[in-house]
Amino acid sequence: MAKVKITQIKSRSGATKRQIANLASLGIHRIHQSVEVELNPVSKGMIEKVQHLVTVEEVK
């Protein structure tokens with residue numbers, strides 16, 4: 001599987017509880033924090049739910 005770098009670019013205030021939980025599950029706790037995760041169906045689904053709050057870059 002490929003790895004992706006996820007960076008939170010917008011505040012989570014105003015986000016739903018589900019979106020906040022998805023950010024926490026991805027390992028993101030504050031703005032401008034970046035994490036690298038394996039891109040699998042579970043993480044891809046979580047990223048899609050918070051795509052307006054994060055940027056996603058492929059790691060080679």
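# A tour of two helices and the loop beyond

What covers the buried residues of helix 2 includes strand 1, helix 1, strand 2 and strand 3. Keep in mind as you click along that this is a predicted model.

**Stop 1: the inner face of helix 2**

Select residues 41–49, which make up helix 2. Which residues of helix 2 are buried? Colour Ser43, Met46 and Ile47, and you have them. Now look down the axis: these residues cover an arc of only 100°, which puts them on the same side of helix 2. As a reminder for this view, an α-helix has 3.6 residues a turn, so residues three or four places apart point the same way.

**Stop 2: Ser43**

Stay in helix 2 and pick Ser43. Its relative accessibility is 6%, so Ser43 counts as buried, the cut-off being under 20%. Show the surroundings of Ser43, ignoring neighbours within four places in sequence, and you will find Leu26 and Glu38 in contact with Ser43.

**Stop 3: Met46**

Next, select Met46, also found in helix 2. Is Met46 buried or exposed? At 17% relative accessibility, Met46 counts as buried. Leaving out neighbours within four places in sequence, the contacts of Met46 are Asn22, Ser25 and Leu26. Try a distance label here: the C-alpha atoms of Met46 and Leu26 are separated by 7.7 Å, with their positions 20 residues apart along the chain.

**Stop 4: Ile47**

Move to Ile47 in helix 2. Ile47 is buried too, with a relative accessible area of 9%. Which residues does Ile47 touch, not counting those up to four places away in sequence? Select Val4, Ile6, Leu26, Leu39 and Val56 to see them. Using the strand ranges, you can place some of these partners: strand 1 spans 3–8 and strand 3 spans 54–59. For a second distance label, join the C-alpha atoms of Ile47 and Gln33: they are 14 residues apart along the chain and separated by 15 Å.

**Stop 5: where the two helices meet**

Now add residues 17–26, helix 1, to the selection. How do the axes of helix 1 and helix 2 cross? They come within 9 Å and cross at roughly 135°. Helix 1 and helix 2 are therefore oblique to each other, and their crossing is left-handed. To see the contact itself, show the side chains of Arg18, Gln19, Asn22, Ser25 and Leu26 on helix 1, together with Ser43, Met46, Ile47 and Lys49 on helix 2. Colour this contact by residue class and you get 3 nonpolar, 4 polar and 2 charged residues.

**Stop 6: the two sides of helix 1**

Keep helix 1 on screen and hide helix 2 for a moment. The buried residues of helix 1 are Gln19, Asn22, Leu23 and Leu26. Viewed down the helix axis, these buried residues fall within an arc of 100°, so they line one face of helix 1. Rotate to the other side of helix 1, where Lys17 and Ser25 are exposed. Then bring the rest of the model back: the buried residues of helix 1 pack against strand 1, strand 2 (34–38), helix 2 and strand 3.

**Stop 7: leaving helix 1**

Follow the chain out of helix 1. Just after the helix, select Gly27, which takes a positive phi of about 100°.

Continue to Arg30, in the loop between helix 1 and strand 2. At 56% relative accessibility, Arg30 counts as exposed. One more distance label fits here: the C-alpha atoms of Arg30 and Val54 are separated by 11 Å, while the two residues are 24 residues apart along the chain.

**Stop 8: His32**

Finish with His32, in the loop between helix 1 and strand 2. What is the phi of His32? Positive, at about 70°, although His32 is not a glycine. For background, most residues other than glycine have a negative phi. His32 is exposed, with a relative accessible area of 62%.

Terms used: Residues are numbered from 1 along each chain as its sequence is written. This is a predicted model: local features need pLDDT of at least 70, side-chain atom pairs count only at pLDDT 80 or more; totals for chains, interfaces and linings use all residues. Side-chain values use heavy atoms; hydrogens and water are left out. Axes are lines fitted to C-alpha atoms, for helices over the stretch in contact, and angles run from 0 to 180 degrees between N-to-C directions. Helices (H or I, at least four residues) and strands (E, at least two) are DSSP runs, numbered from the N terminus. Angles under 35 degrees count as roughly parallel, over 145 as roughly antiparallel, 65 to 115 as roughly perpendicular and the rest as oblique. A crossing is left-handed if the near helix is turned anticlockwise from the far one by less than a right angle, and right-handed if clockwise. Contact means heavy atoms within 4.5 Å. Ala, Val, Leu, Ile, Met, Phe, Trp, Tyr, Cys and Pro count as nonpolar, Asp, Glu, Lys and Arg as charged, and the others, Gly among them, as polar. Buried means under 20% relative accessible area, exposed over 50%, partly exposed in between (1.4 Å probe, protein chains only). The arc is that of the directions from the helix axis to the C-beta atoms.
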